[in-house]
Amino acid sequence: MEQAVEGVIAFIGAGSNLGDSFEACLEAVRRVAALPRTRFLRRASLYRTEPVGSQDQGWFINTIIEVRTDLGPRELLAALQGIEKAMGRGEGRRWGPRAIDLDILLYGPQVLREEGLTIPHPELHRRAFVLVPLTEIASYAIHPAFGVSIQGLLGRLEDRSVVELLLEPQDRRRTAPGKDSR
Ligand code: A4P
Ligand code: MG
């Protein structure tokens, strides 16, 4: 039976640039959708994205998942870290390669700046690989700390890194391991 979820609408960023990143993102979507006290609403398309931060690593596959959840922000973070661990995310270097990275981007209207948890995600407004897929599914959403819509943030964005929409499932072949990942 489908559980009744009151909760808050949260947006979760998923990114991978190790292994079969296309499949890892889809698997992360499935696992997030199966979290307790959480209902999956939708996800953005998959995007192939140029690495931001450390350039000496492969391109990423990124997407964003929208859920309605009764999990508190700390509970949601712990659940996402559990998924990262189960999917083989090791202790890589910061902003370095990873099999799956799950970040809480927005959690309803909440602004949180705590040890180990900042919401909205502190880099959200600076990153094309976040704002492009977020605009696809929630251009109207308001960044609660800035009072500006996602569409508005995209318009102000200085990040010129490449964010390329992938067609599914055709592009899965292009992004499979062993193929040219550029
Ligand atoms: N943390 C604080 N706030 C949050 C939040 N809102 N959501 C803390 C999730 N975690 C949050 O994260 C380190 C700590 O951040 C966690 O312990 C948590 O308590 P991590 O995921 O272990 O480490 P990380 O991902 O290496 O560092 P960080 O700072 O989270 O990096 P980002 O922001 O995740 O960036 N380029 C492209 N094209 N696509 C990408 O997906 N990703 C990154 C990683 C860099 N470049 C990229 C991409
Ligand atoms: Mg992270």
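Where is proline 120 placed? In this predicted model, proline 120 lies in the loop that runs between strand 7 (117-119) and helix 3 (128-138). The peptide bond that joins isoleucine 119 to proline 120 is cis, with an omega of about -10°.

The overall architecture was examined next. The protein chain contains five helices and ten strands. Its C-alpha trace spans about 45 × 40 × 30 Å along the principal axes. For 182 residues, a compact globule would have a radius of gyration near 16 Å, and the value of 16 Å found for the protein chain therefore agrees with that expectation. Of the 182 residues in the protein chain, 36% are buried. Among contacts between residues at least 6 apart in sequence, 71% join residues that are at least 24 apart.

Helix 3, which follows the loop holding proline 120, is largely enclosed by the rest of the structure, because nine of its eleven residues are buried. The buried residues are Ala128, Phe129, Val130, Leu131, Val132, Pro133, Leu134, Thr135 and Ala138. The cover over these residues of helix 3 includes strand 1 (8-16), strand 3 (47-49), strand 4, strand 5, helix 4 (150-156) and strand 10 (163-165).

Helix 2 presents both a buried and an exposed side. Helix 2 comprises 14 residues, 73-86, and reaches 20 Å from its first C-alpha to its last, close to the 20 Å expected at 1.5 Å a residue. Leu76, Ala79, Leu80 and Ile83 of helix 2 are buried. These four residues cover an arc of only 95° around the axis, so they fall on the same side of helix 2. On the other side of helix 2, Arg74, Ala78, Gln81 and Lys85 are exposed. Strand 1, helix 1, strand 4 and strand 5 are included in what covers the buried residues of helix 2. Glycine 88, with a positive phi near 85°, follows helix 2. Strand 1, strand 4 and strand 5 are thus named in the cover of helix 2 and also in that of helix 3.

The surroundings of the ligand were then considered. Ligand 1 is surrounded by 21 residues, of which Gly15, Thr49, Val52, Phe60 and Gly116 are the closest. Strand 4 (60-69), strand 5 (101-107) and strand 7 are the elements that contribute two or more residues to this shell. By class, the shell around ligand 1 consists of nine nonpolar, seven polar and five charged residues.

Two residues were examined in the loop between helix 1 and strand 2. Arginine 37 belongs to this loop, which connects helix 1 (21-33) with strand 2 (38-43). Although arginine 37 is not a glycine, its phi is positive, at about 55°. Arginine 37 has 17 other C-beta atoms within 10 Å and is therefore partly exposed. Alanine 34 is found in the loop between helix 1 and strand 2 as well. Alanine 34 counts as exposed because it has 10 C-beta neighbours inside 10 Å, and 12 or fewer is the limit for that class. Between alanine 34 and serine 16, the separation is 18 residues in sequence and 20 Å in space, taken from C-alpha to C-alpha.

Methods: Residues are numbered from 1 along each chain as its sequence is written. Chains are lettered from A and ligands numbered from 1 in the order in which they are written. This is a predicted model: local features need pLDDT of at least 70, side-chain atom pairs count only at pLDDT 80 or more; totals for chains, interfaces and linings use all residues. A residue is buried if 20 or more other C-beta atoms lie within 10 Å of its own, exposed if 12 or fewer, and partly exposed in between; C-beta atoms are placed from the backbone. A residue is near a molecule or strand if its C-beta atom, placed from the backbone, lies within 6 Å of it. Ala, Val, Leu, Ile, Met, Phe, Trp, Tyr, Cys and Pro count as nonpolar, Asp, Glu, Lys and Arg as charged, and the others, Gly among them, as polar. Two residues are in contact if their C-beta atoms, placed from the backbone, lie within 7 Å. The expected span of a helix is 1.5 Å times one less than its number of residues. The arc is that of the directions from the helix axis to the C-beta atoms. The radius of gyration is taken over C-alpha atoms; the globule rule is 2.2 Å times the number of residues to the power 0.38.
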